[in-house]
Amino acid sequence: MLIPVCSALSGRPLSLDLPGGSLVEELYSTIKRQLEIEVENQIVMCEWEPESGMNQRKTLSSYGLPRQDNQVIFFYDKSWFKSGLAGTKTEDEIIVIKAQLPNQEKSLSNSAFMSNQDSGEPMQSAIFNFYARFAHWKATADAFLVAAKAREKACQDIRNEVKMQHRGSALARKSLMCYFSAVRKSIEKLETELESARLSTEENLKRSEVDACLEKLQMTSLHKAHCAVWRVPEGTKLISFVKDTDLLNKCVESCHSLVSVLESKVGECIVAFQELEDLVNLEMTNGDMSERSTIAEVESFLESMSSERIEIENFNSAISEDVRELEATLPDLSNGERDVGNLLDLMNKLQSKYSQFKDGFNELSTHDNSHQKLMEGCSLAKKQMTEGILDKLQRVATLQGRLLDTKKKSDALLAGAVNERKRRINQVEIVLRLPETSLRTRSTFQEPCKIW
């Protein structure tokens, strides 16, 4: 099956013929063979699935290939992002197509009447000279027209390529937005966890409950037993009580500290995300606008080229018709079948045509020069588009890397915060439950002397 692929940098499409049921890795290998891009440097993405690159272990059919629409697979070379423009071969040169202009002898080389130009009859010789001049002008116009059509074809290819470049760049930006959305969700989860940490800390660490717990610790059977053993008044702060209260206060302080640290870390992540958000939005807006502007510029060049080519075509059509008409009269002229009156009428007509075509012929080179300059402008626009695309792809790659780092930090902070919050709150709850636990085991300490 034919797989439509396209270079995101050059915009040049190609079709790769792969057997049905092929794995994606075969596509990577084919790109390497034909374009000399190492597999490890390839990023291959479906235009219809911007979330991630193609998995080499999957089949091509799992990506909906072959497709019935005009969407393609774009490939990117990681070396574009590493080396920059100085080390990247863009293959975009200013195209020059010059008309292959004939000389007069070549213009008449296919004419059966060339031998009659040296006729002894002055009027006949003059008519043949007009024919020779007209034939040369027609051949010249033909050459200009062939060059103009070749230039327009090249510029139409350029227009198609810049449109594909725009699509490849847009796909990279869509992928960037997928990264951005994933990071935003991660940040939102982190903010939710921060709010949960605040609420759980407030709910579980109410000061009144902590103070009540401290009072209860003095009334536990364990503490009473210690007081009885050492024959001291009940309520005295023995080591066990001090240890428990210190532990409780440290746990409470630790929970509050966790919320403070989390607030600070979440704040740092949000600031980093907001900075990236501004850069991503700028890339999404400016990147698209500049590329559309270049496409419009190329379209304008093509429209102007078409106007110049039409001027050449009009001259070519008019003089071709007159040359054909004159060629039809030449046999009679060669055989001497035209009387003097007819010859005079033909001479006057040819003189009028000569005056009419002379200015048009002189303008042909002007139209041709304008046509070539428009093509050079089209080629330059493509070259600038390629340079801009390369710069954008490098920025997108950098932003994706920063977004990925931010997401990793956010996810790690989230996982750590959730686990640490549960651990610290659980520590406090254990201490808060100690008085009840001890009271339920009062019978253990009814005869404290037996313990010692």
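These legends accompany four close-up views of a predicted model.

**View 1. The sheet and its edges.** Here you can follow 4 strands forming an open sheet, in the order β2-β1-β4-β3, with mixed pairing. At the edges sit β2 (13-17) and β3 (42-46), each of which pairs on one side only. From one strand to the next, the twist averages 30°. As a reminder, strands of a sheet pair through backbone hydrogen bonds, either parallel or antiparallel.

**View 2. The pairing of β1 with β2.** Strand β1 (residues 2-7) and β2 run antiparallel and are joined by 5 bridges. A handy landmark is Val5, which stands opposite Leu14 in β2.

**View 3. Helix α1 on the sheet.** Helix α1 (residues 24-35) packs on the sheet, where it touches β1, β2, β3 and β4 (73-77). The direction of α1 makes about 120° with that of β3. At 1.5 Å a residue, the 12 residues of α1 should span 16 Å, and this agrees with its end C-alpha atoms, which are 16 Å apart. Just after the helix comes Glu36, with a positive phi near 60°.

**View 4. The buried face of α1.** Which residues of α1 are buried? They are Val24, Leu27, Tyr28, Thr30 and Ile31. Looking down the axis of α1, you will find these buried residues within an arc of 165°, so they line one face of the helix. An α-helix has 3.6 residues a turn, so residues three or four places apart point the same way. The buried residues of α1 pack against β1, β2, β3 and β4.

Definitions and conventions. Residues numbered from 1 in each chain as written. Predicted model: local features only at pLDDT ≥ 70, side-chain atom pairs only at ≥ 80, totals over all residues. Heavy atoms only, no water. Pairing = 2+ DSSP bridges. Helix = DSSP H or I, 4+ residues; strand = E, 2+ residues; numbered from the N terminus. Axes fitted to C-alpha atoms, helices over the stretch in contact; angles between N-to-C directions. Contact = heavy atoms within 4.5 Å. Expected span 1.5 Å × (residues − 1). Buried < 20%, exposed > 50% of the residue type's maximum accessible area, 1.4 Å probe, protein only. Arc of directions from axis to C-beta.
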